[in-house]
Amino acid sequence: MVKYPSEEWITAFMTELNKNADYEDAAKTWEGDFIFLIKPEGAVTQPVAFYLDLFHGKCREARMLASPTERTADFTYEGTYENWKKLIRKEIDPIKGLMSGKFKLHGNMMKVMRYTRAAKELVNNATLIPTEFA
Amino acid sequence: MWFFTSPRLVFGPGAVEFLSSIPTKRALIICDRDLAKRGVPERLVEQLAKGGGEVKIFADVEPEPLVDTAQRAAKMATEFGPDCIIGLGGGSAMDVAKAAYTLYERPDLTVYDITPLVDLGLGKKAKLIQVPTTSGTGSETTWATILTEGPGGRKLELANRELVAEWAIIDSLLPTTMPPRLTADTGADALCHAVEAISSDWSNPFSDAYAKEAVASIFRSLPKVVKDGGNAEAREEVHYAASMGGLAFGNAQVGVGHALGHSLGSVFKIPHGRSVGIFLPYAIEFNFDAAQEKFRRLSGVLGEGPVRSGRELSAHVRRLWDAIGMSPSISSLGTIGQTDFEKAMPELVSRADQSTCVSMNPRVPSTAELERLFRAAWSGATVDF
């Protein structure tokens, strides 16, 4: 089991993603990096940010940032810890989550709307990691 | 937690009379050239005039409208300053009305800013009213607008909840002059909306209720009104069913059938209803195992016992298509040569893949599966993968 959120978890996420043929197919033309921002709630008392460099179906880099302001990215997908838990457990759809205000997305919306299949596969990938929530 | 969004509806034969009671100083009617030639906007002008409103008409909407058309309609709105924008016609006119309304309300935006992920802050200058004359795209009830980027360009699937009209006026006298071909095409589109909404990942009890009723009504009355356009009862039933189909898919989304149909339609300029209609049986076969319980909600709705398999359900649709003269395959359209089809395959697959519709499909197709679906639909083969 890998603790979430942690450096080990995002490393496991990257490893799984780069083996994930469904994601590679859906994101084969995607170029753009992401920050996944976990806002404090419940057991997580400080904001946590993961950085992912996603390019043509692969993840070139993934790490936990020292702070949410350590760097910027093309896109930031943010939500509270409890909502991230639900997302990883597939209790929330990533797009529905945005439309119902449980998550916020910063970045080029029109570009993301052309890659909703890749977004789904990216979230599905998270469910493949045996996760122990904080 | 989810939402169900609907305009206020006023319906019935002659329902456009309602316009005389809406306080309006200046109304911009957006419609297509054919409707304008037939004098249909004048029925609305007459009612608006009773309420004291001044009216201008933008009558330049084309089938499968371009972004440029919406921009020109918005320019007319900006110059005229309406407090009411009315989309009158089929999906094309109503979709242009939604986009023009957005650009009029927010001249700082482009159509590319219309996504479901942002607050647009509309409704400060005008109200939006939709009046469908086809039965139909259901656009009068939805928050989606489909525009094409340029001639032969990709279809933009733009959406935002604020694009739902304040009022949808569903007047069953308006579609009575639709010829059989258009009646069949637009009715097929309505059925696709209803069936795809039922199987969508985002289906919910409210969208299901409208979808089931729409399916039953269309199976019952579409063949009748295609055969006899003067059958007022059948015409009315199909007209309402189209709006119900819109309420269903507007709140549950559509799926791979529409992704494939948008792609084929944009590459080969096939009218929307005819294009998505081709793919419905194949989409059902592809999706059935992943959405069996959802499809089984149609048991009894089609009046012939339980739905047991994708082939059985798709056979119902194929029989209906045969009754109304819909093409069962892409090749049988007779307008696309096989060489052109093969040459276009990478673009067809790319456009379908980038459609938001695939994401809500109960079984998300890979690019390889999208290609296989196109090929099955080309030849008429049953989908068994």
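These exercises work through a predicted model with chains A and B.

**Exercise 1. Confidence**

Task: Find what the mean pLDDT of chain B is, and which ipTM and pTM the model scores.

Solution:
- Step 1. Chain B has a mean pLDDT of 95.
- Step 2. In chain B, 99% of residues reach 70 or more.
- Step 3. For the model, ipTM is 0.86 and pTM is 0.93.

**Exercise 2. The domains of chain B**

Task: State the domain assignment of chain B. Then describe the contact between domain 1 and domain 2 of chain B.

Solution:
- Step 1. The assignment places domain 1 of chain B at 8–175 and domain 2 at 179–379.
- Step 2. Taken over C-alpha atoms, the centres of these two domains of chain B are 25 Å apart.
- Step 3. Domain 1 of chain B brings 25 residues to the contact, and domain 2 of chain B brings 26 residues.
- Step 4. Look at the side of domain 1 of chain B that touches domain 2 of chain B. Strand E6 (144–148), strand E7 (155–159) and strand E8 (167–170) of chain B each supply at least two residues there.
- Step 5. Sort that side of domain 1 of chain B by class: eight nonpolar, 12 polar and five charged.

**Exercise 3. The nonpolar cores**

Task: Identify the residues that touch the most other members of the largest nonpolar core. Then find which helix gives the most to this core.

Solution:
- Step 1. The largest nonpolar core has 120 residues.
- Step 2. Ile30(B), Ile85(B), Ile86(B) and Ala100(B) touch the most other members.
- Step 3. Helix H7 (residues 232–252) of chain B gives the most to this core, 10 residues.
- Step 4. Both domain 1 (8–175) and domain 2 (179–379) of chain B take part in this core, each with at least three residues.
- Step 5. A second, separate core holds 41 residues, among them Met14(A), Trp30(A), Leu105(A) and Val112(A).
- Step 6. Set this beside a general rule: nonpolar side chains tend to be buried together in soluble globular proteins.

**Exercise 4. Helix H4 of chain B**

Task: Compare the expected span of helix H4 (residues 91–105) of chain B with the distance between its end C-alpha atoms. Then decide whether H4(B) is mostly covered or mostly open.

Solution:
- Step 1. H4 of chain B has 15 residues, and the rise is 1.5 Å a residue.
- Step 2. The expected span takes one less than the number of residues. So H4 of chain B should span 21 Å.
- Step 3. The end C-alpha atoms of H4 of chain B are 21 Å apart, which agrees.
- Step 4. H4(B) is mostly covered, with 15 of its 15 residues buried.
- Step 5. Now take Ala100(B). Leaving out residues up to four places away in sequence, Ala100(B) touches Ile30(B), Ala70(B), Ala73(B), Ala74(B), Ala77(B) and Ile85(B).

**Exercise 5. Where chain A meets chain B**

Task: Work out how many residues of each chain are in contact, and which helix gives the largest share on the chain A side.

Solution:
- Step 1. The contact joins 15 residues of chain A to 16 residues of chain B.
- Step 2. On the side of chain A that touches chain B, at least two residues come from each of helix H2 (21–26), helix H4 (94–99), helix H5 (109–113) and helix H6 (116–126) of chain A.
- Step 3. H4(A) gives the largest share of that side, four residues.
- Step 4. By class, that side of chain A has seven nonpolar, two polar and six charged residues.

**Exercise 6. Three loop residues**

Task: Describe the backbone at Glu64(B), Gln253(B) and Pro5(A).

Solution:
- Step 1. Glu64(B) is not a glycine, yet its phi is positive, about 50°. Glu64(B) sits in the loop between strand E3 (54–61) and helix H3 (67–80) of chain B.
- Step 2. Is Glu64(B) buried or exposed? A residue is buried at 20 or more C-beta neighbours within 10 Å. Glu64(B) has 21 inside 10 Å, so Glu64(B) counts as buried.
- Step 3. Gln253(B) is not a glycine either, and its phi is positive, about 80°. Gln253(B) lies in the loop between H7 and H8 of chain B. Gln253(B) counts as buried because it has 25 C-beta neighbours inside 10 Å.
- Step 4. The peptide bond from Tyr4(A) to Pro5(A) is cis, with omega near 0°. Pro5(A) is in the loop between strand E1 (2–4) and helix H1 (7–17) of chain A.

Technical notes. Residues are numbered from 1 along each chain as its sequence is written. Chains are lettered from A and ligands numbered from 1 in the order in which they are written. Domain bounds come from an automatic or database domain assignment. Two residues are in contact if their C-beta atoms, placed from the backbone, lie within 7 Å. Ala, Val, Leu, Ile, Met, Phe, Trp, Tyr, Cys and Pro count as nonpolar, Asp, Glu, Lys and Arg as charged, and the others, Gly among them, as polar. A nonpolar core is a set of buried Ala, Val, Leu, Ile, Met, Phe, Trp, Tyr and Cys residues joined through C-beta atoms within 7 Å. A residue is buried if 20 or more other C-beta atoms lie within 10 Å of its own, exposed if 12 or fewer, and partly exposed in between; C-beta atoms are placed from the backbone. pLDDT is the predictor's confidence in each residue, from 0 to 100.
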